Amino acid sequence: MSSGTSTPLSSSSTLLSSPSLSQKLFQDIYANPRISPSTAVEFLASRPETSSAIYVYDVAEQVGFGTVTKEWAKSSKTAPVVDLQTRAGAGLSLVGRLSQGTSREAGNGSVLTTYTTPTGLAQMAPALAYLPQATASSRLVAHVPNVTSINDNFSLSPSLAALSPVVPALPRDLVLLLSATPQQIVDFTHISYRLPSSHVVHVFDHYTVARQIGTSVVPPPESLSTGTVADVFAQAGYTFFSYAGDPSAHTVLVLLNGPLALAAKAFADQIVGLGVVVVNVLRPWDEQALRSALPASVRMVHVLDDVPNASTQGTLYTDVFGTLLEVKSAMSVHSHRIIPSQNHTYLSQSGSFFKFVTTLVPTAIPSLSAEPSAIKKLVVFGAPQSTLSSVPHFIADTFISSQVLSTRFITDYDVFSRKGGISASRLLLGTKDALAESTPIPFAIPLDPAGGGEADLLTVLDHTLLTSHSLLQHAKPGSVVLLASPWSPAEVSSNLPADVFNLITLRDIRVFIVDPNAIASELVGGSEPINTAIQNLVVHLAFLRLYFGKAAQESLILKVARGLFDETIHGVELAVINDRVWAALTELPLKSAPPADDSGRVLKDFDFNAIVVHTQEGDVVNGAKLGSWHDAAKHLLFPSPFNLSAESDSYAQNPALHPEVPDRTFLVTCTVNRRLTATEYDRNVFHLEFDTSGTGLKYAIGEALGVHGWNDEQEVKQFCQWYGADPNRLVTIPVPGNEERMHTRTVFQALQQQIDLFGQPPKSFYTDLAAYASSSVDKHSLLFIGSPEGSSTFKKLSEKDTVTFADVLHMYPSAKPGIEKLCELVGDIKPRHYSIASAQSVVGDRVDLLVVTVEWAAPSGSPRFGQCTRYLAGLKIGQKVTVSIKPSVMKLPPDNRQPLIMAGLGTGAAPFRAFLQHRAMLVQRGETVGPVYYYFGSRYQSQEYLYGEEIEAFILDGVITRAGLAFSRDGPKKVYIQHMMLEDSEALANMLQDDEGVFYLCGPTWPVPDVYEALVGALVKYKGQTAESAGEYLESLKEEERYVLEVY
């Protein structure tokens, strides 16, 4: 999308800004070089006559696609827009809306459009297998901007690796189109809606081409009618496979349409014996069309496949090999698996892809021919939302309407390497003949840290960037650099890093400096926004002078400026401004010696990792609306590389995990599930460990882990069979608490993973269920239980019989609401929270739990189980679990020297294990810590001395000062933790009153009164308090978080 920040230069000045939904834009969309192909796709797809609804997945917005559609929907007539999250089962919502019996849209007829990414499409692939047969009035069109985040730096790349494993699983009647030039992108969008018997996925290059501006596109033929993909492609002038290169080639590359394919086509024109086949239609696969595209002279076919890893066989190779297997010739087919990092290297490192291609051609290949001198490469580095952020757009607008020049302009962003971000705008200029339309900007102007520089004129709008980033390495030898800076030439020279100084000298780069703020303040004062506008104009005029080089004359620059701006700018004549700029532009005189040694300074490289969409409400960066660019790192999908503040969130919410709950959720992996009690013992107490690496899960000592458990698989299957519900049928149900949001899944998935079918129903459920009873007896019984008069019956059912939702349905079998309604009536499984039994400061990417299974027998004799403890007890190693974090009152005191008094019963020992792990770490470091008194109670030491070996080790190491262990049934007399505390009364009183000690109790509620009395008695006996004052003192400690109870 073309965009820019408007400044009030004049009423007639034109900037590249976000397109508005004016009627004029609609008419001129095909003749407007300021409209990016991506914006055109959104416009065409969002028309009510094109789509009945637009479903925008979050991953699409995260790469800058869909935001404009949502903006338009606020102020103009578009198809309805629905936000969706990419999660497990993504796509089922769309399937549900097209499936008979589960959706209103299916009955009314609809063409649904969705926006997603290759990664999102991969997650949708299993759901797309359920798509109903496409018809003219019920089908799906997915527009997929091809750009994705890769590697540890989260660089953006057009790799299609995410799709490779899932293409074979796509439905047979699904059409998969790939486009990479501006005209193709718009035409294929049109074609997507001309295929009435097919669902369509349109993948287009959003890495560069779809976002760049400067190229006008023409409308499709007016005669373009509906039909099969082959028919419509032929009408539009396209083929399934396009060929470029030597007509008598012996070697042919086959690639999916995209940036690498366009680059290969450009190489093929210069390499004798090389041809390139570009795949425009991947599904349906047309074997005859591929054979026809290949010259008869071909002997070697090299298939370049985007794959997630080197061990994955690409789909494209399988298709090509199968097609050519029966061809009676000496042709051989070779597979080249391009993993995402290789794809990124080929696009970002100058000449690397050409070198790779030369290895595939058996004949000697000369170097690439020099580009025509008529081509100019301009690069502008700046800071987003700065005073001068409009400059690149002014510069582009100077050339974009030219009838002589071809212009291509794009801005990329790096928000990882600098707080506030960096923008890199690249502008490619050339005559209509000299500038090949198909050459991607990354190949024409690579921002390669190891390259020799490509920019003829490089502009830096923020002088501080030269001290933090290696930007001048992108300037070619003998080029010119414009620096906007308040520094004098002498200050610039003395502040340049030695590496930059040496580079300028080595490449004979001429650096010119202009101070836009000084000139603007002199001419119009410091008032905003006029001062800002004049500053942008100052840099623009300085740029024009350097761009024209030796031909530049003050009168020429003024003439060009008059074609762009009014004669008078806010009361100041344009000629005066131009004269002032002409006089102020100064060349940097370099010293004979470089600056003082700064070998310790490491300059950073620019890396494309963010896409920005400008809206009226502010910038949207990787799908996040920002109040300030200085907060960009906190809002990105993968913000960990920023590390800008302690508050920066390392990983964003994974929308695949329980979108119906408000908690931040994480997907962790079970690595240990070990029973701590003997198998013959009547209590199953078990220890769990979960691997959290790569999830961003962080927790504080004492916090609780919320587990989003599932219902038992067999019980769900049995219920479905009894209820007569097809477990594989799709249901679309509202998200609880938000009737406007829907989610779709199979009946089995809903009942196992989401719906609290085996939970205890509230009183209102009986009343609600009565409306669906066909039997009069059942109906009146349900209404009675739900009425005030039925309170005692409800209490018996709930507290004594502990009936579940499923039990009630069995009891009143004539009450059988539809499965969708049943899901709404029952509601969702609530997460269960367990105190975390580990300290992250010690265990790292791991979280531990201590759990006891909850089991009992109903009066009928049927066994009952705690839903979540049963789920956790059955976890297998490697199984994924959705969890969330809940804050807790169990916190360590701020001073490590404060004494700790911890009392835990049974699994109440969990948080204290975390406390002890952390204190042990501090002791190991040699830090001073306060005394620790640990009281633990259970029934039998031989059976329930939980973490006993660890406790004994903590005692031996001096981490635990005193351990009061109470095993109530080991002796003739029952001993509880309060009895052990009585033995230490004096020490406890001293720690609480004199040493700022903290007391904690975790476990069941029953010992609270006895423990309270033990502490009160200690304060009375050893501190001279009365029972009343001692009680008041303990209450005051609650306010100070020094008397902490977590009981249940």
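## Exercises on a sheet and two cores

Helix α13 (residues 340-348) crosses β13 and β14, and its direction is at about 90° to β14. Keep in mind that the model is predicted.

**Exercise 1.** Find how β13 and β14 are joined, and which residue stands opposite Asp-306.

*Solution.* Start with strand β13, residues 300-306. Seven bridges link β13 to β14, and the two strands run parallel. Then go to Asp-306: its counterpart in β14 is Ile-338.

**Exercise 2.** Work out the strand order of the open sheet, and explain why β9 and β14 each have a side without a neighbour in the sheet.

*Solution.* Step one: the five strands follow the order β9-β11-β10-β13-β14, and the pairing is mixed. Step two: β9 (241-245) and β14 (332-338) are at the edges with a single partner strand each, so one side of each has no neighbour in the sheet. Step three: from one strand to the next, the twist averages 20°.

**Exercise 3.** Identify the strands that helix α10 touches.

*Solution.* Helix α10 (residues 259-268) packs on the sheet and touches β9, β10 (251-256) and β11 (274-279). Compare directions next: α10 makes about 155° with β11.

**Exercise 4.** Describe the largest nonpolar core, then trace the contacts of Val-320.

*Solution.* This core holds 83 residues, and those with the most contacts inside it include Val-254, Leu-316 and Val-320. Helix α7 (residues 118-128) gives the largest share, six residues. Leaving out residues up to four places away in sequence, Val-320 touches Val-254, Trp-285, Leu-290, Val-301, Val-303 and Val-333. Apart from this core lies another, of 58 residues, including Leu-156 and Phe-608.

Notes:
Residues are numbered from 1 along each chain as its sequence is written. This is a predicted model: local features need pLDDT of at least 70, side-chain atom pairs count only at pLDDT 80 or more; totals for chains, interfaces and linings use all residues. Side-chain values use heavy atoms; hydrogens and water are left out. A nonpolar core is a set of buried Ala, Val, Leu, Ile, Met, Phe, Trp, Tyr and Cys residues joined through side-chain atoms within 4.5 Å. Buried means under 20% relative accessible area, exposed over 50%, partly exposed in between (1.4 Å probe, protein chains only). Helices (H or I, at least four residues) and strands (E, at least two) are DSSP runs, numbered from the N terminus. Contact means heavy atoms within 4.5 Å. Two strands pair if DSSP finds at least two bridges between them. Axes are lines fitted to C-alpha atoms, for helices over the stretch in contact, and angles run from 0 to 180 degrees between N-to-C directions.
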